[in-house]
Amino acid sequence: PSFVAAETGFCVWYCTEILLRMWAYGRSFFYGRMWVWNMFDLVLIGALVLLQAEALFSLNTETGSPSFLLTLRIFRVLKILPVLRLMRKVLPVKLMLHLVLFSFRYLVPCALLVLLAPYVGALSIVQIMNRYLASEASWQNPLARESLVTNWSSIEKAMYSLFSSSMGGAEWEPLTRYFGDVDSFCLVVFIFVNGFFRLLVLNIVTSLFVQFTLQDNRQDDLLRMQTQIEEAELFVGRLVAACGTDQVGFEEFSHFIEGDMVLDVFRALEVRPADAEKLFWELSAAGTQNVDLLTFLRGSVMLNQNATKLDLVSLVNLDVAKAHVDRAQQKFRKSFRRQRTLGSIDNKRPLRIINGSVEGQMRRIADFCQQVNMEEESDRAEFTKTVLCVARLALDLGGGCGFVIAHSSAFESVKKRNIDFQVTDRSTVFPDGYLTQRLEDVHVSSKAFESIMREFSAHSDNDRWGAGHEADGLPKDGFVLLDSEGHCLKGAARLAGLPTPPYRWDNVGTRHLAGLAACFAFRVEPSIVIVRSDSG
């Protein structure tokens, strides 16, 4: 009864599962990509219901149709198939089946090697044995003749005896008891074949399988990645439900990435949100194109593989971008001859400007610091402290200035996209730049930093350090690059190679536009850009 109850429970489980699939897929259940498996499951579960009805209601199997009952018994054997289909989705089981199937490729050569030694030994022994059995001397001992005929009178029998003794399935003494009456050479061959088989053949076969299994590890990695990609396809619907469409731009994705539904998908795929955001940035060609969510999820799975590097994606996008630039330049040269004025880039969106009081702006900055992605809360605290300190200082200074605050790894990441940070105040006296050397080991919260920045931002006629100053004639221009802990990485830096942002900011100068471009370049990392104009 307990076995019947367990079978009934499994039957109810299978029926519920297929009904839910039919409800979820709708018509695509019957003509979608998996319609063959769906039909097979439907027929199989119908047969399971009939079998369970037979067990529950004790159908009379003697009076029923023999062909019908035979069909039911065949389906009884097939009841294991749904379990196998479920086990097929378990990664360790899938890898184990892959290794078993992989071993069959080398089954034939290994079998030939295993049979070679017994075959050669059997040929030698059978020739000697047949000569002895044909002689009259073999009839003098009927017991010995019977044993020799049973074990050594043909190639097949001799191979079986040698193979059994080599594998430990038969004792040596009964097989070799009468070899002394025939020829001692038979005993030498027997010992040689057994020693060769045990010491060499078995070790060679084992080593062969181990060697090729190690070589097949790459296939295991690919199989693991393929399984994860199949699982990723199941999460596309969740992302579509969260984003409202199956193709999204980077700006929309950055808005939805903080949602619980999207974060649950990343946790299920074992992908960090920061890595996913970087990948989306690369796939969207620096935020200029929409990305198919299925392509994005497949790429996110590949991030976990050692052979898949985000830098390769960057290089591919860079090559594509260069090709687009070359074609655009050719098109521009052809059309420029017909133009008298040079227009700006089309489809730029106006930048949203939020005005407010000083206290309101500081609250917005603090809220922004609490919303950015940080791996540790201690990093968030340091970042917030640095940003608020610089923001208060920028509001209190008397001239123009610009700051870029980010983790040091963010600056390295931006450099890989061919964005360079060049100091503008380098000289023979200050080879690393005057402001960079002066701000070395000076924290943003110190009075020394405030004093230096007041000198640097003080407006002059030529925006250079005045006569008599140790940096006489060097430019007072560029941004101050700070890490998240409040230390200067580079001062008076020109940001070269920044991407063109897809926004339009009217009625501002070059410092503000450079700050907007820097903000757009650093947006995939926790960062902030603070710019103050000369007029305040």
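Arg 21 counts as buried in this predicted model, its relative accessibility being 16%, and because the limit for that class is under 20%, the assignment follows directly from the value. The partner of this side chain is Glu 17, which Arg 21 meets in a salt bridge with an N to O distance of 3.0 Å. Glu 17, at 29% relative accessibility, counts as partly exposed, so the pair joins a buried residue to a partly exposed one. Both residues belong to helix α1, which spans residues 2-25, and since they are four residues apart there, about one helical turn separates them.

A second pair can be followed in helix α21, made up of residues 377-396, where Arg 380 and Glu 377 lie three residues apart, again about one turn of the helix. Their side chains form a salt bridge at 3.3 Å, N to O. Here Arg 380 is buried, with 9% relative accessibility, whereas Glu 377 is exposed, its relative accessible area reaching 55%.

Arg 504 and Asp 506 provide another salt bridge, in which the closest N and O atoms are 3.3 Å apart. In this case Arg 504 is partly exposed at a relative accessible area of 37%, and Asp 506, at 46% relative accessibility, likewise counts as partly exposed.

Beyond these pairs, salt bridges also link Asp 396, Lys 447, Glu 450 and Arg 454 into a network. Over the whole structure, the search finds nine salt bridges, among them the one between Arg 21 and Glu 17 with which this account began.

Technical notes
Residues numbered from 1 in each chain as written. Predicted model: local features only at pLDDT ≥ 70, side-chain atom pairs only at ≥ 80, totals over all residues. Heavy atoms only, no water. Salt bridge = Lys/Arg side-chain N within 4 Å of Asp/Glu carboxyl O. Helix = DSSP H or I, 4+ residues; strand = E, 2+ residues; numbered from the N terminus. Buried < 20%, exposed > 50% of the residue type's maximum accessible area, 1.4 Å probe, protein only.
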